[in-house]
Amino acid sequence: TLLKQLELGLPSKAIGLLALPIPLTRGEYLNLAENDLLNPEQIWAAPGELIIKCLGKPRTEELDKFRPK
C-alpha cells in the first residue's frame, strides 16, 4: 500500500518484499529490488550467492530458516 511504501521509503515495485517472513531493513529491501528480486517467490528461486550479495551471509541464513521445503 502507499502508506507502507511511504513509511518504509520503498519504491512501489519492492512492496511485494513485505510478504517475506522476516522484516528487513530499508537497505536490504532496496538491495533485493535492485537485483530484481521483488517478491518471496523470486527470492526462493534465486541462487544463494545472489541473496548473500544482497543481504549478507548471516541475514541470508536467518531468511533460509523460512525457505519452503
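## Exercises on helices, loops and core

In this predicted model, leucine 38 sits in the loop that joins α2 to α3.

**Exercise: a leucine in a loop**

Determine which residues leucine 38 touches, not counting residues up to four places away in sequence, and how far its C-alpha atom is from that of leucine 18.

*Solution.* Begin with the location, which for leucine 38 is the loop between α2 and α3. Next, with residues up to four places away in sequence set aside, the list of partners comprises Lys13, Gly16, Leu17 and Ala33. Finally, although leucine 38 and leucine 18 are 20 residues apart in sequence, their C-alpha atoms are 9.4 Å apart in space.

**Exercise: the turn after a helix**

Find which residue with a positive phi follows α2, and decide whether aspartate 36 is buried or exposed.

*Solution.* Most residues other than glycine have a negative phi. Against that background, aspartate 36 is a residue other than glycine whose phi is positive, near 60°, and this aspartate follows α2, in the loop between α2 and α3. For the second part, aspartate 36 has a relative accessible area of 53%, and because exposed means over 50%, this residue is classed as exposed.

**Exercise: the buried side of a helix**

List the residues of α2 that are buried, and state which helices they pack against.

*Solution.* The buried residues in α2 are Glu28, Tyr29, Leu30, Leu32 and Ala33. These buried residues pack against α3, α4 and α5.

**Exercise: the largest nonpolar core**

Establish which residues touch the most other members of the largest nonpolar core, and which helix gives the most to this core.

*Solution.* In soluble globular proteins, nonpolar side chains tend to be buried together. Here the largest nonpolar core has 20 residues, of which Leu32 and Ile43 touch the most other members. At least two residues of this core come from each of α2 (26–34), α3 (40–45) and α4, and α2 gives the most, with four. To see the surroundings of isoleucine 43, leave aside its neighbours within four places in sequence: the contacts are then Leu17, Leu20, Leu32, Leu37, Ile51, Leu63 and Arg67.

One of these partners of isoleucine 43 is Leu20, which belongs to the loop between α1 (2–8) and α2. With a relative accessible area of 7%, leucine 20 is buried, because the limit for that class is under 20%. Beyond four places in sequence, leucine 20 touches Leu32, Pro40, Ile43 and Leu63.

**Exercise: two residues compared by exposure**

Assign glycine 9 and cysteine 54 to their accessibility classes, and give the C-alpha separation between glycine 9 and cysteine 54.

*Solution.* Glycine 9, placed in the loop between α1 and α2, has a relative accessibility of 31% and therefore counts as partly exposed, since it falls between the limits of 20% and 50%. Apart from neighbours within four places in sequence, glycine 9 is in contact with Arg26 and Leu30. Cysteine 54, by contrast, is found in helix α4 and is buried, with a relative accessible area of 4%. Its contacts, not counting residues up to four places away in sequence, are Asn31, Leu32, Asn35 and Leu37. Glycine 9 and cysteine 54 are 45 residues apart in sequence, and their C-alpha atoms are 18 Å apart in space.

**Exercise: a pair of helices**

Describe the packing of α4 and α5 by giving how their axes approach and cross, the handedness of the crossing, and the residues that make the contact.

*Solution.* Two packed helices are described by the angle between their axes and the distance between the axes. For α4 (residues 48–55) and α5 (residues 57–64), the axes come within 7 Å and cross at roughly 120°. This crossing makes α4 oblique to α5, because the angle lies outside the perpendicular range of 65 to 115 degrees and is not over 145. The crossing of the two helices is right-handed. On the α4 side the contact is made by Ile51, Ile52 and Leu55, and on the α5 side by Lys57, Arg59, Thr60 and Leu63. Sorted by class, this contact has four nonpolar residues, one polar and two charged.

Terms used: Residues numbered from 1 in each chain as written. Predicted model: local features only at pLDDT ≥ 70, side-chain atom pairs only at ≥ 80, totals over all residues. Heavy atoms only, no water. Axes fitted to C-alpha atoms, helices over the stretch in contact; angles between N-to-C directions. Parallel < 35°, antiparallel > 145°, perpendicular 65-115°, else oblique. Left-handed = near helix turned anticlockwise from the far one by under 90°. Contact = heavy atoms within 4.5 Å. Nonpolar A, V, L, I, M, F, W, Y, C, P; charged D, E, K, R; others polar. Core = buried A, V, L, I, M, F, W, Y, C linked by side-chain atoms within 4.5 Å. Buried < 20%, exposed > 50% of the residue type's maximum accessible area, 1.4 Å probe, protein only.
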